[in-house]
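Student: Could we go through this structure together? I would like to begin with what the word "buried" stands for.
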Amino acid sequence: MTAAAKRSLLAGLRWTSLRLRLVVVFALVALTAAVSASGIAYWLNREAVLTRTQDAALGDFRQEMQNRAASLPLRPTKDDLQNAAVQMASSSPGYSVLLVDKRDGDKPIVGNSNLDTFTLDNVPLSLQQQVNRKQPAEAGNTYPYHLFWQRTSIRGTPYLVAGTRIIGGGPTGYMLKSLDQERQDLNSLAWSLGIATGLALVGSALLAQAAATTVLRPVQRLGDAARKLGEGKLDTRLVVSGTDELADLSRTFNRAASSLEKKVADMSAREESSRRFVADMSHELRTPLTAITAVAEVLEDEADSLDPMIAPAVHLVVSETRRLNDLVENLMEVTRFDAGTARLVLDTVDVADQVTACIDARAWLDAVDLDAERGMMVRLDPRRLDVILANLIGNALKHGGSPVRVSVRTDGDELVIEVRDHGPGIPEDVLPHVFDRFYKASASRPRSEGSGLGLSIAMENAHIHGGDITAANSPDGDGAVFVLRLPRDAEELTSTARDHGAEARDEKGDAT
């Protein structure tokens, strides 16, 4: 199974997946409809079956009571009752008969059609009381005794029990009809309805799956296209077919992608033009700046012999010339980073020696406390590390307070260099912007002589090593802390970059 198929399967199994929710909704609707229809059908059939069986048994029992029980002698014997009960049961649609009469002293005599299956104990007491209760004669009730029935269960088997009494004197008759066959028929019906419900549920799930596939396939294609567009493949387009809402959505996506591609192309062209302009301008400025710098240095050497009114102007020209020269060099460095032409020149160096050389070259030994053990060997670009340290330490000396403390340590496979000053710290609203180009917190700090590019260049040099720089205020509120993290061996980073570049070239060659 491909990775795309696995992602599609896992996406379909998530509860947030539209496909799963659509299938679940279809299944719930079908289940509700099927259960409701099956329940209603079962209830209607149950009532029909039981009513038909009950009416047939009760009608026959009433007729037998009129034909046989009513013809018994006024004071029948037990044998008379027994014979009449047997005759009534033998002609009945499968029920047992129990006839009860009374002798002197209200002593009952009983005749059974089947003593093993039907005795007076099987007749509910409430039914016996209702059968023997004499009803008042009214306009709507001309008979003192009526036929009463009740459904009951005996040893787990459903039965219909009915009873009535002969009007004008005679025995009381009870009938016991088994409803086991009807229960089996209703159970078979319930199983059939359950199977039908299950089939309806499966069918609805399949239908929902088909509908989801039909509806969601264009949505999935749209999602894949949006993902590719987000990855930078701006030439991604959808194949549009049909005239429905999804087709309109695909057309809208294609128009948006075309517009985005055009705008990005325009922005890239303008950015490339601006980058080329800055690079060309910086390059063209180097030649006159070289000459101006040479003249400025000569003037600086002769400043002591010049008119005291002219000497300050000479010193100003020299300092501003050096500042302009640094700005041009920084601009050229920035353009190299933007163009992606900056490369590492790796060497194995002792970090303590490298930091000491950086501080000594700029005459900062008296203002900087160094905490670094010799022997920590790392493989990186010494020139770029010197640029990073010069910018971080120089920024701390200009904007913070002496002494500036530089501590060096290792953390696993990382080199960690911490630069801490003892100044007022960095305002919270400035912290997110300290590495932005040309950013100066003029509201909180005096005008500096820097270009506003130093920390930005330091960050770019850290990134090209695969590292990072963070800025924060000291927890004790005494100054700012800049932490540089670099891999101890940048060789792996450059090797990986070369491998990726080779793979990209191979793919391009295969495509052509």
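Tutor: A residue is called buried when its relative accessible area is under 20%, and exposed when that area is over 50%. Please keep in mind that this is a predicted model.

Student: How many residues of strand β4 are buried, then?
Tutor: Strand β4 covers residues 157-165, and eight of its nine residues are buried. The strand is therefore largely enclosed by the rest of the structure.

Student: Which way does β3 pair with β4, parallel or antiparallel?
Tutor: Strand β3, residues 148-154, pairs with β4 in the antiparallel sense, over seven bridges. One position to look at is Gln150, which stands opposite Val161 in β4.

Student: And how many bridges join β4 to β5?
Tutor: Seven bridges join β4 to strand β5, residues 172-178, and these two strands run antiparallel. Here Ala162 has Met175 in β5 as its bridge partner.

Student: Back to β3 and β4: how many residues lie between the strands of that hairpin?
Tutor: There are two residues between the strands. Arg155, in the loop between β3 and β4, has a positive phi of about 50° although it is not a glycine.

Student: Is Arg155 buried or exposed?
Tutor: Arg155 counts as exposed because its relative accessibility is 71%.

Student: Which other residue, not a glycine, has a positive phi?
Tutor: Ala363 is one of them, with phi near 60°. Ala363 is found in the loop between α8 (351-361) and β7 (368-371). With a relative accessibility of 66%, Ala363 counts as exposed.

Student: New topic: how many cavities of 30 Å³ or more does the structure hold?
Tutor: The structure holds two of them. The second largest contains about 30 Å³ of space.

Student: Which residues line the second largest cavity?
Tutor: Its lining consists of Pro218, Val219, Leu222, Leu246, Leu249 and Ser250. Helices α5 (180-230) and α6 (245-301) each supply at least two residues of that lining.

Student: Finally, the surface. Which residues form a nonpolar patch there?
Tutor: Leu28, Leu31 and Val35 form such a patch, and together they have about 240 Å² of accessible area. Leu28 lies in helix α2, which spans residues 18-67.

Student: Why does Leu28 count as partly exposed?
Tutor: The relative accessibility of Leu28 is 49%, so Leu28 counts as partly exposed. Partly exposed is the class between buried, under 20%, and exposed, over 50%.

Methods
Residues are numbered from 1 along each chain as its sequence is written. This is a predicted model: local features need pLDDT of at least 70, side-chain atom pairs count only at pLDDT 80 or more; totals for chains, interfaces and linings use all residues. Side-chain values use heavy atoms; hydrogens and water are left out. Patches are made of residues with over 30% relative accessible area and no salt bridge: like charges are joined within 9 Å, nonpolar side chains (Val, Leu, Ile, Met, Phe, Trp, Tyr) within 5 Å. Accessible areas come from the Shrake-Rupley method with a 1.4 Å probe; for residues, only the protein chains shown count as cover. A salt bridge is a side-chain nitrogen of Lys or Arg within 4 Å of a carboxyl oxygen of Asp or Glu. Helices (H or I, at least four residues) and strands (E, at least two) are DSSP runs, numbered from the N terminus. Buried means under 20% relative accessible area, exposed over 50%, partly exposed in between (1.4 Å probe, protein chains only). Two strands pair if DSSP finds at least two bridges between them. On a 1 Å grid over the protein atoms alone, a cavity is a set of points where a 1.4 Å probe fits but cannot get out, and a pocket is an open set with protein on both sides within 12 Å along at least five of seven lines; lining residues have an atom within 4 Å of a point. Grid points are joined across faces, edges and corners, and a volume is the space filled by probe spheres set on the points.
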